Amino acid sequence: MIALESDIADPGQAAAGLARIGWAERSMPVLGLIREVFEREQPFKGLSVAACLHVTAETAVLANVVTAGGGRLHLAASNPLSTQDDIAAALAASPGITVHARAGVDRRTYYAHIHRALDAAPGLVIDDGCDLVNTLHTERPELLAGVRGGCESTTTGVVRLRRMAADGTLAFPMVAADASRTRRMFDNFSGTGQSVIDGIIRATNTLLAGKVVVVAGYGPCGGGIAERARGLGAQVIVTEVDAIRALDALMQGFRVLPMAQAARIGQVFVTAHPFWTGGAFGVRAHCSARRL
Ligand SMILES: NC(=O)c1ccc[n+]([C@@H]2O[C@H](COP(=O)([O-])OP(=O)(O)OC[C@H]3O[C@@H](n4cnc5c(N)ncnc54)[C@H](O)[C@@H]3O)[C@@H](O)[C@H]2O)c1
């Protein structure tokens, strides 16, 4: 509908971003196979696709599959803290893709970027946390009729979508990627398990061995994080509101406590359950500087 320009930090980083996308592609053979099919069958031919995803090298591989299938992709960042400016630059230089993402933007710009992606009047949406779909329903209802459906990437987004479906307000069908067993296995358990620990170590430069790590929530994400922290020698405490999952954590050898007790002795805290921050849900790591 509206011809959009990308809003990125630095177009000069495109070459660096392209190199990293190539590296990620080597570990994503399934998307490579899907891309071959889409190139032949052109399922998105002429379709505008609005997406709100982490702007990382892995998302870039997905973005290229959308355009290989004939779609035009309008990408906003689902978390300004995960946006990789070199990847945004590389994607913005790719045919058929506009990118609205800069690392570290404030809440106002975050939502402005979502609106810019929606300005393309999408026929399909891809979301990660439901902010794009929620904005579409609450602030851009005139676009709803043109949307055929979409896909939600994460557990929290599915929670929000289920609420909308129960209220009767969800205007189009959404596929829950999280319902895929392989997604829960690879991304939630193994992927988040690794990346949360990686993030804590990079941010704190601390040795986890011997530390008391408290993981709140023992779903696939919390389970993966707890396993990895234990593997590095941490003493892991799990807090859980679901009795069966709490029991599961106990049977896996973790100490299970109410947060009121864990908070007294923990040194690193990871929230691995849906929570609301006024704009986003997700996994958060909190480190107590006093104790570290
Ligand atoms: N790459 C990423 O950043 C990434 C990837 C996958 C999932 N996520 C997010 O991580 C979170 C967890 O995902 P999941 O698939 O493990 O979810 P899940 O819903 O399967 O598990 C969450 C667990 O937390 C428990 N819980 C809820 N409130 C709690 C509380 N106050 N205290 C203790 N436990 C509580 C629930 O009982 C449940 O067992 C979600 O917000 C999801 O959107 C992020």
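Me: Which residue has a polar backbone atom 3.5 Å from an oxygen atom of the ligand?

Reply: This is a predicted model, in which local features need pLDDT of at least 70, side-chain atom pairs count only at pLDDT 80 or more, and totals for chains, interfaces and linings use all residues. Residues are numbered from 1 along each chain as its sequence is written, and side-chain values use heavy atoms, with hydrogens and water left out. A polar contact is a pair of N or O atoms within 3.5 Å; within protein, one must be able to donate a hydrogen and the other to accept it, and residues adjacent in sequence count only if both atoms are side-chain atoms. The backbone atom in question belongs to Pro-274.

Me: What percentage of the area that the ligand exposes when taken alone does the protein bury?

Reply: Accessible areas come from the Shrake-Rupley method with a 1.4 Å probe; for residues, only the protein chains shown count as cover. Taken alone, the ligand exposes 860 Å², and the share buried by the protein is 78%.

Me: Which element gives the largest share of the shell around the ligand?

Reply: Helices (H or I, at least four residues) and strands (E, at least two) are DSSP runs, numbered from the N terminus. Helix 7 (155–167), helix 8 (181–204) and helix 9 (220–231) are the elements that give two or more residues to the shell. The largest share, five residues, comes from helix 8.

Me: How far from an oxygen atom of the ligand is an N or O atom in the side chain of Glu-240?

Reply: Of the 23 residues around the ligand (each with a heavy atom within 4 Å of it), Glu-240 is among those that come nearest, together with Thr-154, Thr-155, Thr-156 and Arg-245. The distance from the ligand oxygen to the side-chain atom of Glu-240 is 2.6 Å.

Me: How many disulfides does the structure hold?

Reply: A disulfide is a pair of cysteine sulfur atoms within 2.5 Å. The sulfur of Cys-151 is too far for a bond, because the closest cysteine sulfur, in Cys-130, is 12 Å away. The sulfur of Cys-221 is likewise too far for a bond, at 16 Å from the closest one, in Cys-151. The number of disulfides is zero.

Me: Is Cys-221 buried or exposed?

Reply: Buried means under 20% relative accessible area, exposed over 50%, and partly exposed in between (1.4 Å probe, protein chains only). Cys-151, at 25%, counts as partly exposed. Cys-221 has 14% relative accessibility and therefore counts as buried.
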